[in-house]
Amino acid sequence: MKLLTGNSNKNLSFKISKFLKTKLVHSSIKKFSDGEIYIEINENIRGNSIFIVQSVSSPANDNLMELLLCIDALKRSSAKNITAVIPYFGYARQDRKVAPRTSISAKLVSNLITKAGADRVVTVDLHAGQIQGFFDLPVDNLFATPIFARHIKKNIKQRKNLICVSPDVGGVERTRALARKLDIGIAIIDKRRPSPGKSQVMNVIGNVKNKKCIIIDDIIDSGGTIVNAAQALINRGANEVHVYITHGVLSGAAVDKIKKSSIKNLVITDTIDNSGKLKKAKNIEILSISNLLGEAIKRISNSTSVSDLFK
Ligand code: R5P
């Protein structure tokens, strides 16, 4: 088994390689002056099982292309099998036609990864579980929920008035999973999107008065969903709002919005490399997903159960 990293999140790849006590495959990823990507694997990998770690995060198009070219290079170098480890699976939010004459990017990206030559995909908190069905390959969708549950149990001492909140109807399953682990109830926010990138809270289903709210979501992008959700909960009498989100996309002014918001603390994982971006954001914390990914890679290599990780 060998591990290769793309450029999107080298810090995470180094941590995974440390966990697995294995060196990263020696490779060069360069760009021509017109922006085309050039990949070379600088060591023999014939007959090896290769895990390529690459998030489809910003710049999403470059990082996606880099992933596809890496898979292609591995295939042409006679790797025995190739697992695309995609901690953040970008383009997943367009998973159905939301209006006539629109594309389904999640399906297109799945086709591209398959066509490039991947034999298996490992990812974390897919935007929608059904995206696994867009592949005719095994897809292991890992969850950050156990990491979040551990952090909550360690850091929020008074858990009597705790409630888990889903920021939209789509996130209810994820919210239930966390609430079950913490043995607490849930509330649901009825969110609408009047236009792309804008979000509006219509209603809060459930009583949040005098409660400590834990919002859980898969993605924080512009921050609009979470900042509005937190304010709606405070307006309805919540005492404090803690937020746990797997993928910190954090585009545009998201970090500033979070800093100025009523959110007590935001916890994200390192599926996307945000080092450097969050230096002065005191209410944002990053938990590493590296051991979870490392353990999953180990189990896949040894053909042992990945789902047992979540029991
Ligand atoms: C939407 O369904 C996702 O789960 C996130 O809630 C959404 O992508 C967050 O976007 P933003 O931070 O731009 O509101």
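Tutor: Contact here means heavy atoms within 4.5 Å. Helices (H or I, at least four residues) and strands (E, at least two) are DSSP runs, numbered from the N terminus. The model is predicted: local features need pLDDT of at least 70, side-chain atom pairs need 80 or more, and totals for chains, interfaces and linings use all residues. Residues are numbered from 1 along each chain as its sequence is written, and side-chain values use heavy atoms, without hydrogens or water.

Student: Which helix lies across β8, β11, β12, β13 and β14?

Tutor: The helix spans residues 145-155. Its direction makes about 150° with that of β12 (axes are lines fitted to C-alpha atoms, for helices over the stretch in contact; angles run from 0 to 180 degrees between N-to-C directions). It is α4.

Student: What is the order of the strands in the sheet of seven?

Tutor: Two strands pair if DSSP finds at least two bridges between them. The sheet is open and its pairing is mixed. The order is β10-β9-β8-β11-β12-β13-β14.

Student: Why is one side of β10 and of β14 left without a neighbour in the sheet?

Tutor: β10 covers 200-205 and β14 covers 284-287. One side of each stays without a neighbour because both stand at the edges, each with a single partner strand.

Student: Which residue of β11 stands opposite I163?

Tutor: β8 (residues 162-166) and β11 (residues 212-220) run parallel, joined by four bridges. Opposite I163 stands C213.

Student: In the sheet of five strands, is the pairing parallel or antiparallel?

Tutor: This open sheet has the order β1-β4-β5-β6-β7. At its edges, β1 (2-5) and β7 (139-142) pair on one side only. The pairing is parallel.

Student: What angle does helix α2 make with β5?

Tutor: Helix α2 (residues 60-76) packs on the sheet of five strands. It touches β1, β4 (49-53) and β5. Its direction makes with that of β5 an angle of about 165°.

Student: How far is a polar side-chain atom of D217 from an oxygen atom of the ligand?

Tutor: The ligand is surrounded by 14 residues (each with a heavy atom within 4 Å), and D217 is among the closest. A polar contact is a pair of N or O atoms within 3.5 Å; within protein, one must be able to donate a hydrogen and the other to accept it, and residues adjacent in sequence count only if both atoms are side-chain atoms. For D217 and the ligand, the distance is 2.6 Å.

Student: Which strand supplies the largest share of the shell around the ligand?

Tutor: Both β11 and α6 supply at least two residues of the shell. The largest share is four residues. They come from β11.
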